Amino acid sequence: MTKNVSRETKFLKKKPSIQLFLDASTSNTGVVIYEEKSKRILLDDINLSKIKKPLQMKPEDFEKLKFGCIKNYLDTLKNQYFITGVYMEGIFIYPKRLKSSQTLLKLHGFLMSYFIDTPQYFLSPSVIKKNITGDGHAKKETVREILGLKYGYIFPNEDISDAFALFASYHKDIDKNKITVKEEDNERL
């Protein structure tokens, strides 16, 4: 008995498979792309902080504009790769920052629906910090410093280091020679 495979399935199998790690934010989303076959690790970000809100634009329309930029980035990835899993930091709410927490919740909802057909995995910030530093209450700067020393990089921003911390929480045996950073301002230690 032969098994019929759709054209779409054949097409997807020709694309390199990746795992996608996101530190979601509407100002700067950290991205780690892990190419499963080559074990290559690509560090990137979706920097939305450079986008200035037009004076007449409503805040909710500006939010949609930023979500659209994230969608465009993800569309490009989907065209280039077959995404086998999406990994994100679990959502949390700061009572003193309800407005920004609400926006982050919307962004996570958008990402969850965007990747509805892709397995999704979540870790809390405290678990990620504990995995990297041994202390679930460590400061972000400490996590970033430990990652930099261990893997030989000065991360261009905390969003990329946060996404990398999430990646490192799932992958213990990381070959630092396989890490590529798209940021021109990144330095090797």
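**Strand pairing and helix packing in the sheet**

V32 stands opposite L43 in β3. V32 belongs to the run of buried residues in β2. The model is predicted, and the description below starts from this pair of strands. β2 and strand β3, residues 41–47, pair in the antiparallel sense. Seven bridges hold that pairing.

Strand β2 spans residues 28–35. Eight of its eight residues are buried, so the strand is largely enclosed by the rest of the structure. The cover extends to both faces. On one side are N28, G30, V32 and Y34. On the other are T29, V31, I33 and E35. Each of these residues counts as buried, since its relative accessible area is under 20%. The charged residue E35 is thus part of a buried face.

The link from β2 to β3 is a hairpin with five residues between the strands. K37 and K39 both lie in this loop. How exposed are K37 and K39? At 84% relative accessibility, K37 counts as exposed, because the cut-off is over 50%. K39 has a relative accessible area of 45% and is therefore partly exposed. The backbone of K39 also deserves a remark. Its phi is near 65 degrees, a positive value in a residue other than glycine. Most residues other than glycine have a negative phi. K37 can also be placed relative to I18, which is 19 residues away along the chain. The C-alpha atoms of K37 and I18 are separated by 8.3 Å.

On the other flank of β2 lies β1, residues 17–23. β1 and β2 run antiparallel and are joined by six bridges. A hairpin of four residues connects β1 to β2. Strand β1 also pairs with β4, residues 82–89. This second pairing is parallel and again has six bridges. Which residues stand opposite Q19 in β2 and in β4? In β2 the residue is Y34. In β4 it is G85. Q19 therefore has a partner in each neighbouring strand of β1.

Strand β4 is mostly covered, with six of its eight residues buried. Beyond β4 comes β5. These two strands run parallel and are joined by four bridges. One of the bridges pairs M88 with F122 of β5.

Together these strands form part of an open sheet of six strands. Its order is β5-β4-β1-β2-β3-β7, and the pairing is mixed. The edges are β5, residues 120–123, and β7, residues 179–181. Each edge strand pairs on one side only. Neighbouring strands are turned by 25 degrees against each other on average, direction ignored. Helix α4 packs on this sheet and touches β4 and β5. The direction of α4 makes about 75 degrees with that of β5.

Helix α4 has a further partner in α6. Helix α4 covers residues 125–133 and helix α6 covers residues 158–170. The two pack at an angle of about 70 degrees, with their axes 9 Å apart. They are therefore roughly perpendicular to each other. From α4, the contact is made by I128, N131 and I132. From α6, it is made by A165, L166, A168 and S169. By class, the contact has five nonpolar, two polar and no charged residues. N131 and S169 are the polar residues, because neither Asn nor Ser is listed as nonpolar or charged.

These elements sit within a chain of six helices and eight strands. Along the sequence, the pattern is α-β-β-β-α-β-α-β-α-α-β-α-β-β. Buried residues make up 42% of the 189 residues. The exposed area of the chain is about 11500 Å², of which carbon and sulfur atoms supply 54%. Contacts between residues at least 6 apart in sequence were also sorted by separation. Of these, 62% join residues at least 24 apart.

Technical notes
Residues are numbered from 1 along each chain as its sequence is written. This is a predicted model: local features need pLDDT of at least 70, side-chain atom pairs count only at pLDDT 80 or more; totals for chains, interfaces and linings use all residues. Side-chain values use heavy atoms; hydrogens and water are left out. Buried means under 20% relative accessible area, exposed over 50%, partly exposed in between (1.4 Å probe, protein chains only). Contact means heavy atoms within 4.5 Å. Accessible areas come from the Shrake-Rupley method with a 1.4 Å probe; for residues, only the protein chains shown count as cover. Axes are lines fitted to C-alpha atoms, for helices over the stretch in contact, and angles run from 0 to 180 degrees between N-to-C directions. Angles under 35 degrees count as roughly parallel, over 145 as roughly antiparallel, 65 to 115 as roughly perpendicular and the rest as oblique.
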